[in-house]
Amino acid sequence: MDSFIDRLHEAHNHCPECPSPKVISRFFDDILGILFPEHANEILRDRENLAKKFFQLREQLTSVLKKNEVLHKGDGQALAEAFFDRLEAEVFEKLHEDLQAMFEGDPAAKSKTEIIRCYPGFYAIAAYRIAHLLHVLGIGLIPRMITEYAHGKTGVDIHPGAKIGRFFCIDHATGIVIGETTRVGDRVKIYQGVTLGALSVNKEDADKKRHPTIEDDVVIYAGATILGGDTVIGKGSVVGGNVWLTKSIPPKSKIYYQTKIYDGASNLTDFYVLKSDA
């Protein structure tokens with residue numbers, strides 16, 4: 001038992017400084033509540049109280065970054081100020097565009113308020129937008145903690161390093177994976193169960209582009225899997241449900257899964273191409 005305690009003691013002493021997951025998840029939820037009062041624990045109708053909360057969150061991020069310098073190579077206060085200076089243009093405005101895309105793209109959505117309060121896709125995209133801004137500022141680990149927190153709540157796994165364009169829509173938002181080097185254009189819509197992933201690569205290839213590129217105005221239906229860093233889905237294409245792709249397709253393509261049905265009574269085999277009204 002003493003040797004086990006010694007091993008645990010060594011692990012605790014060699015553990016780098018790291019913010020608690022609870023601190024980071026609370027920070028994210030507070031940021032989201034500031035940006036969208038539909039997510040706030042308390043609606044701040046007084047402007048002075050709203051401004052006070054905003055600056056408290058900035059000071060909180062400053063404190064976390066100063067305490068955990070191993071997570072970045074800059075000045076904690078400067079990084080926190082840069083994050084909040086860019087929050088409006090790079091998170092708030094883009095999330096409103098995403099919200100519009102989701103409202104227009106889902107006939108079941110009765111209001112934007114419903115999407116903000118209820119849709120896991122919006123929550124996951126919000127986590128990604130916030131985490132991505134921290135990522136591009138050169139802050140490590142914290143962005144992953146935010147997206148993994150959202151992953152646990154929504155079933156949507158978006159790496160903060162992915163580059164996702166404007167008016168992004170996720171419908172039904174369960175079982176979606178978007179890898180680190182994925183590139184997604186504008187006005188892209190994806191459904192549940194979609195994987196934008198990597199082919200198996202060696203660890204030394206981790207810094208290479210391993211995930212696909214999805215160009216503008218693409219729709220990817222449920223269960224589709226698109227793999228590989230050289231795979232490009234051309235602008236305006238439609239990828240049908242359950243399709244498996246490891247090769248590029250040209251713009252305005254329509255790719256559908258083809259199923260084979262064997263009729264035991266007639267010993268005939270028929271082929272059906274599953275198509276969407278899209």
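Here is a walk through this structure, from its overall build down to single side chains.

Keep in mind that this is a predicted model. Start with the big picture: the protein has 278 residues, and 42% of them count as buried. Its secondary structure adds up to 7 helices and 16 strands. If you draw a box around the C-alpha atoms along the principal axes, you get roughly 70 × 55 × 35 Å. The accessible surface comes to about 15,400 Å², and carbon and sulfur atoms own 51% of that. How do parts of the chain that sit apart in sequence meet? Take the contacts between residues at least 6 apart in sequence: 42% of these join residues at least 24 apart.

Now look at one stretch that has a label. UniProt, in an unreviewed entry, lists residues 60–126 as "domain: Serine acetyltransferase N-terminal". In the model, this stretch is 78% helix and 0% strand. Its end C-alpha atoms lie 20 Å apart.

Next, head inside. The largest nonpolar core has 69 residues, and the members that touch the most others in it are Phe83 and Ile220. Which helix gives this core its largest share? That would be helix 6, residues 120–136, with 11 residues. There is also a second, separate core of 5 residues, including Tyr191, Val219, Tyr221 and Tyr256.

Let's stop at Phe83 for a moment. Setting aside neighbours within four places in sequence, Phe83 is in contact with Phe27, Ile31, Leu61, Ile130, Leu133, Leu134 and Leu137. Right next door in sequence is Phe84, which is found in helix 4. Is Phe84 buried or exposed? With a relative accessible area of 6%, Phe84 is buried, because anything under 20% counts that way. Again leaving out neighbours within four places, the contacts of Phe84 are Phe27, Ile31, Phe54, Leu57, Arg58 and Leu61. Arg58 shows how the chain comes back to meet itself: Phe84 and Arg58 are 26 residues apart along the chain, yet their C-alpha atoms are separated by 6.9 Å.

Stay on helix 4, which runs over residues 76–105, and look at charged side chains. The structure holds 8 salt bridges in total. In one of them, the side chains of Arg86 and Glu90 meet, at 2.7 Å from N to O. Both residues lie in helix 4, and they are 4 residues apart, about one turn of the helix. Arg86 is partly exposed at 32% relative accessibility, and Glu90 is partly exposed too, at 26%.

Further along, another salt bridge joins the side chains of Glu97 and Arg166, at 2.6 Å from N to O. This pair links distant parts of the chain: Glu97 is in helix 4, while Arg166 is in the loop between strand 2 (163–164) and strand 3 (169–170), 69 residues apart. Glu97 is buried, with a relative accessible area of 15%, whereas Arg166 counts as partly exposed at 40%.

What about Asp98? This residue also lies in helix 4. Its relative accessibility is 0%, so Asp98 counts as buried. Not counting residues up to four places away in sequence, Asp98 touches Ile125, Arg129, Arg166, Phe167 and Phe168. Notice a familiar name there: Arg166 is the salt-bridge partner of Glu97.

Now move along to the strands. Arg187 forms a salt bridge with Asp216, and their closest N and O atoms are 4.0 Å apart. Arg187 sits in the loop between strand 5 (183–184) and strand 6 (189–190), and Asp216 in the loop between strand 8 (213–214) and strand 9 (219–220), so the salt bridge ties together parts that are 29 residues apart in sequence. Both count as partly exposed: Arg187 has a relative accessible area of 40%, and Asp216 has 24%. Asp217 joins in as well, since Arg187, Asp216 and Asp217 are linked in a network of salt bridges.

Finally, go back to the start of the chain. Met1, Phe4, Ile5 and Leu8 make a nonpolar surface patch of about 440 Å². Phe4 belongs to helix 1, residues 2–14. With a relative accessible area of 45%, Phe4 is partly exposed.

Key: Residues numbered from 1 in each chain as written. Predicted model: local features only at pLDDT ≥ 70, side-chain atom pairs only at ≥ 80, totals over all residues. Heavy atoms only, no water. Core = buried A, V, L, I, M, F, W, Y, C linked by side-chain atoms within 4.5 Å. Buried < 20%, exposed > 50% of the residue type's maximum accessible area, 1.4 Å probe, protein only. Helix = DSSP H or I, 4+ residues; strand = E, 2+ residues; numbered from the N terminus. Contact = heavy atoms within 4.5 Å. Patch = residues over 30% accessible without salt bridge, like charges linked within 9 Å, V, L, I, M, F, W, Y side chains within 5 Å. Areas by Shrake-Rupley, 256 points an atom, 1.4 Å probe, with all protein chains shown as cover. UniProt positions renumbered as here; feature names shortened; annotations may be inferred.
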